[in-house]
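Thanks for asking me to look through this one with you. Below are my notes, set out as numbered points so that you can follow along in the viewer.

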Amino acid sequence: ALLLFFCWRLRAWLRRHDRLIRARAALSRRYQALVRTVRRQSQLAARLLPHVGYACVCAFGWRSLVRLRMAEDVTPLVLRATPLLGTVVPVVRTLLALHADAPTRLRAWLHFWSVWAAATLVTTTLSSLPLIPRIAQLRPELPIVHFFCVVWMQLPHGGVELAYAAIAPSIRGRG
């Protein structure tokens, strides 16, 4: 009887799992159709679509944590994970790209480090100004935004390329 119950539950789980796979495939098809429709209207909007989607998911996720009163519990974890995800993981991935001799991956990581250095410079400069640290204390979600930006730059959809394109003109002007 126990084996029969286990088989019945396994069958139900597999059906649900199959539904999840079909739902994900359907969602992927709808997303691709949306991208094609947007691309017909505007190339820029089509290129920005994944970035806007990521920003919306991050904002929705954080607002959900705030409404569920879990933000206070998650914030210390995010503060501890940001240096790891922002420095250690990119160092390892850069070294792997160096050893793999992959020029496109290496170029992406060089862009990442350029953006990282510029962001560190701006952050350090702003934190040395008299009123900026006090203003930053009034906005407790700034470290969360920093965390989401670090993750965004490492995703494979070209976030670091977009950030690099924003700072590249000032870098080229100096060289």
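The points below go through the helices, the cores and a few single residues.

1. A word on the source before anything else. This is a predicted model, so please read every value here as computed from predicted coordinates.

2. I would begin with the pair H2 and H3. Helix H2 covers residues 43-67 and helix H3 covers residues 71-100. Their axes come within 8 Å and cross at roughly 130°. An angle over 145 degrees would count as roughly antiparallel and one of 65 to 115 as roughly perpendicular; H2 and H3 are therefore oblique to each other. On the H2 side, the contact is made by Trp62, Leu65 and Val66, and on the H3 side by Ala71, Val74 and Thr75. By character, the residues of this contact are 5 nonpolar and 1 polar, with no charged residue.

3. The loop between H2 and H3 deserves a click too, since Arg69 lies there. Its phi is near 60°, a positive value in a residue other than glycine. Is Arg69 buried or exposed? With a relative accessible area of 67%, Arg69 is exposed.

4. Next, follow H3 along its length. The helix bends by about 35° at Ala81, and a proline, Pro83, follows within four residues. The buried residues of H3 are Ala71, Thr75, Val78, Thr82, Gly86, Pro90, Thr94 and Ala97. An α-helix has 3.6 residues a turn, so residues three or four places apart point the same way. What do the buried residues of H3 pack against? Their partners are H2, helix H4 (103-128) and helix H6 (142-154).

5. The other end of H3 has a feature of its own. Just after this helix, Asp101 takes a positive phi of about 55°, in a residue other than glycine. Asp101 sits in the loop between H3 and H4 and is exposed, with a relative accessible area of 66%.

6. A little further on, Arg105 lies in helix H4. At 40% relative accessible area, Arg105 is partly exposed. Leaving aside residues up to four places away in sequence, Arg105 touches Leu96, Ala97 and Ala100. One of these, Ala97, is among the buried residues of H3. For a distance to check, the C-alpha atoms of Arg105 and Gly159 are separated by 14 Å, with their positions 54 residues apart along the chain.

7. Staying in helix H4, have a look at His111. Its relative accessibility is 8%, so His111 counts as buried. Which residues does His111 touch, not counting residues up to four places away in sequence? They are Val160, Glu161 and Tyr164.

8. Now to the largest nonpolar core, which has 13 residues. Phe112, Val115, Trp152, Met153, Ala163 and Tyr164 touch the most other members. H2, H4, H6 and helix H7 (159-174) each supply at least two residues of this core, and the largest share, 5 residues, comes from H7. For a closer look at one member, Met153 touches Phe112, Val115, Gly159, Val160 and Ala163, again not counting residues up to four places away in sequence. There is also a second, separate core of 5 residues, with Trp62, Ala71, Ile144 and Phe147 among them. Two of these names will be familiar: Trp62 and Ala71 also take part in the contact of H2 with H3.

9. I would finish with two residues of helix H2, Ala55 and Cys58. Ala55 is partly exposed, with a relative accessible area of 44%, whereas Cys58 is buried, at 10%. Each can be paired with a residue far along the sequence. Ala55 and Phe148 are 93 residues apart along the chain, and their C-alpha atoms are separated by 8.4 Å. Cys58 and Cys149 are 91 residues apart in sequence and 9.9 Å apart in space, C-alpha to C-alpha.

Technical notes: Residues numbered from 1 in each chain as written. Predicted model: local features only at pLDDT ≥ 70, side-chain atom pairs only at ≥ 80, totals over all residues. Heavy atoms only, no water. Axes fitted to C-alpha atoms, helices over the stretch in contact; angles between N-to-C directions. Parallel < 35°, antiparallel > 145°, perpendicular 65-115°, else oblique. Contact = heavy atoms within 4.5 Å. Nonpolar A, V, L, I, M, F, W, Y, C, P; charged D, E, K, R; others polar. Bend = angle between axes of the 7 residues up to and from the residue. Buried < 20%, exposed > 50% of the residue type's maximum accessible area, 1.4 Å probe, protein only. Core = buried A, V, L, I, M, F, W, Y, C linked by side-chain atoms within 4.5 Å.
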